[in-house]
Every structure is written in C-alpha cells, then in structure tokens.
Amino acid sequence: MTSYVENETSVTFAFDAKEMLDLIMGEVLAQEDCPYEAQVNLLITDNQGIHEFNRQYRQVDAPTDVLSFPMIGFVREADFSIVEDEEADYFDPESGELLLGDIILSAEKVKEQAAAFGHSVKREFAFLIAHSMLHLCGYDHMSKKEAEVMEKKQENILRTLGITRDN
C-alpha cells in the first residue's frame with residue numbers, strides 16, 4: 001500500500017496526514033476485501049484551490065470539503081474483479097499496485113467543519129478520508145439508499161479505528 005500526500009497550504013494538523021491516510025486506507029481496503037496492494041494520492045489544498053477544482057471538474061462554482069477522483073469505473077461497489085482483464089489501465093507498472101485514484105481535501109473546510117460539528121479536526125479529517133476512500137471503491141450517495149450504505153460504512157471504519165466524535 002502506497003500513499004502520496006502533498007500539502008500546498010500553510011495549514012498544519014496536530015497529527016500526521018499521511019499516517020492518518022494510510023490508517024484509514026488500510027481499514028477501508030480490508031473491510032472492502034480489496035485483493036490488491038493499492039495506491040492513493042492526496043492533495044491538501046485551501047478553499048480557493050478546491051473551489052477551482054470543483055468548478056473545473058464538477059461545474060460547481062463553490063468550495064467544497066473533499067473531492068474524489070476514482071481511477072476505476074466500478075460496475076458494482078468494491079467489485080475489484082473489473083480490473084483483472086485490464087491490468088495496464090489499473091495498475092502501476094513499477095510497483096504493481098492498483099491505482100485507486102486521487103483525493104483533494106480543503107484543509108480550511110476540515111477545520112471549519114470540525115468546529116461547526118463540535119468534534120476534533122482529526123475526526124473530521126478521518127471522516128472525509130473514509131468518505132473519499134469509499135468513493136474510490138465505487139460507492140456513491142446519489143440516492144437515499146446509497147447514502148445510508150456509505151454513512152454506515154464510514155461510521156464503522158472510524159469506530160473500528162477508535163476515531164470517534166470525542167477524540
């Protein structure tokens with residue numbers, strides 16, 4: 001498992017962002033029974049930066065908290081068999097790892113939302129990474145049923161890791 005983190009802001013956290021990404025990534029991939037070593041990229045930006053990405057890729061002219069860019073066009077959530085016949089498209093030729101995709105996170109939104117929801121910055125960061133990792137595994141929340149599935153999975157991931165609203 002490999003992750004790359006780039007922080008293009010001056011915002012710092014009281015925890016190591018890469019360690020947190022790796023922890024959550026490992027738990028998501030374990031719970032989703034991913035049979036491959038995987039790779040994820042995380043860009044930490046500010047509200048202005050994520051606003052530009054949101055406008056460019058989603059045609060939404062506003063900042064958001066997190067964006068996910070999956071590399072795999074899952075037919076069914078976490079059905080990793082889709083990549084088996086297209087190895088050149090989905091695997092890093094150097095490491096052999098499955099290229100799951102990219103996450104872009106607004107450090108400013110993490111801090112704003114943690115304060116608004118009354119929990120720690122660590123918990124908000126972890127929640128948004130878990131949310132994005134599930135998107136990279138093919139989950140979405142366009143319908144009420146899909147949203148319920150994602151919410152349950154997110155909470156289970158964080159609970160398993162001991163990351164609660166209290167810490």
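**Sheet and helix packing in the predicted model**

Strand 1 and strand 2 (residues 38-45) run side by side in the parallel sense, joined over 6 bridges. All of this is read from a predicted model. Two of the bridge pairs help to place the strands on the structure: Thr2 is partnered by Gln39 of strand 2, and Asn7 has Ile44 of strand 2 as its bridge partner. To get from strand 1 to strand 2 the chain goes through helix 1, and the resulting β-α-β crossover is left-handed.

The sheet itself is open and has 4 strands, in the order 1-2-4-3, with mixed pairing. Its edges are strand 1 (2-7) and strand 3 (66-70), each of which pairs on one side only. On average, neighbouring strands in this sheet are turned by 15° against each other, leaving direction aside. Strands in a sheet pair through backbone hydrogen bonds, and they can do so in either a parallel or an antiparallel way.

Next come the helices that sit on the sheet. Helix 1 lies across strand 1, strand 2 and strand 4 (98-106), and runs at about 145° to strand 1. Helix 5 also packs on the sheet, where it touches strand 2, strand 3 and strand 4, and its direction makes about 145° with that of strand 4.

These helices also pack against each other. A pair of packed helices is described by two things, the angle between the axes and the distance between them. For helix 1 (residues 17-31) and helix 5 (residues 121-136), the angle is about 45° and the axes are 10 Å apart. The two helices are therefore oblique to each other, and helix 1 passes helix 5 in a right-handed crossing. On the helix 1 side the contact uses Ala17, Met20, Leu21, Ile24, Met25, Val28 and Leu29, while helix 5 brings in Lys122, Phe125, Ala126, Ile129, Ala130, Met133 and Leu134. Sorted by class, that makes 13 nonpolar residues, no polar ones and 1 charged residue.

Helix 6 (residues 144-160) packs with helix 1 too: the two axes come within 10 Å and cross at roughly 120°. Helix 1 and helix 6 are therefore oblique to each other, and helix 1 passes helix 6 in a right-handed crossing. Ile24, Glu27, Val28 and Gln31 of helix 1 make this contact with Asn156, Ile157 and Thr160 of helix 6. By class, the contact of helix 1 with helix 6 has 3 nonpolar, 3 polar and 1 charged residues. Ile24 and Val28 of helix 1 thus turn up in the contact with helix 5 and in the contact with helix 6.

The remaining pair is helix 5 with helix 6, whose axes come within 10 Å and cross at roughly 130°. This pair is therefore oblique as well, and the crossing is right-handed. Helix 5 contributes Arg123, Ala126, Phe127, Ala130, His131, Leu134 and His135, and helix 6 contributes Met150, Lys153, Gln154, Glu155, Ile157 and Leu158. The class count for the contact of helix 5 with helix 6 is 7 nonpolar, 3 polar and 3 charged residues. Ala126, Ala130 and Leu134 of helix 5 meet helix 1 and also take part in the contact with helix 6. On helix 6, Ile157 is in the contact with helix 1 and in the contact with helix 5.

Methods
Residues numbered from 1 in each chain as written. Predicted model: local features only at pLDDT ≥ 70, side-chain atom pairs only at ≥ 80, totals over all residues. Heavy atoms only, no water. Axes fitted to C-alpha atoms, helices over the stretch in contact; angles between N-to-C directions. Parallel < 35°, antiparallel > 145°, perpendicular 65-115°, else oblique. Left-handed = near helix turned anticlockwise from the far one by under 90°. Contact = heavy atoms within 4.5 Å. Nonpolar A, V, L, I, M, F, W, Y, C, P; charged D, E, K, R; others polar. Pairing = 2+ DSSP bridges. Right-handed = clockwise from strand over helix to strand, strands pointing away.
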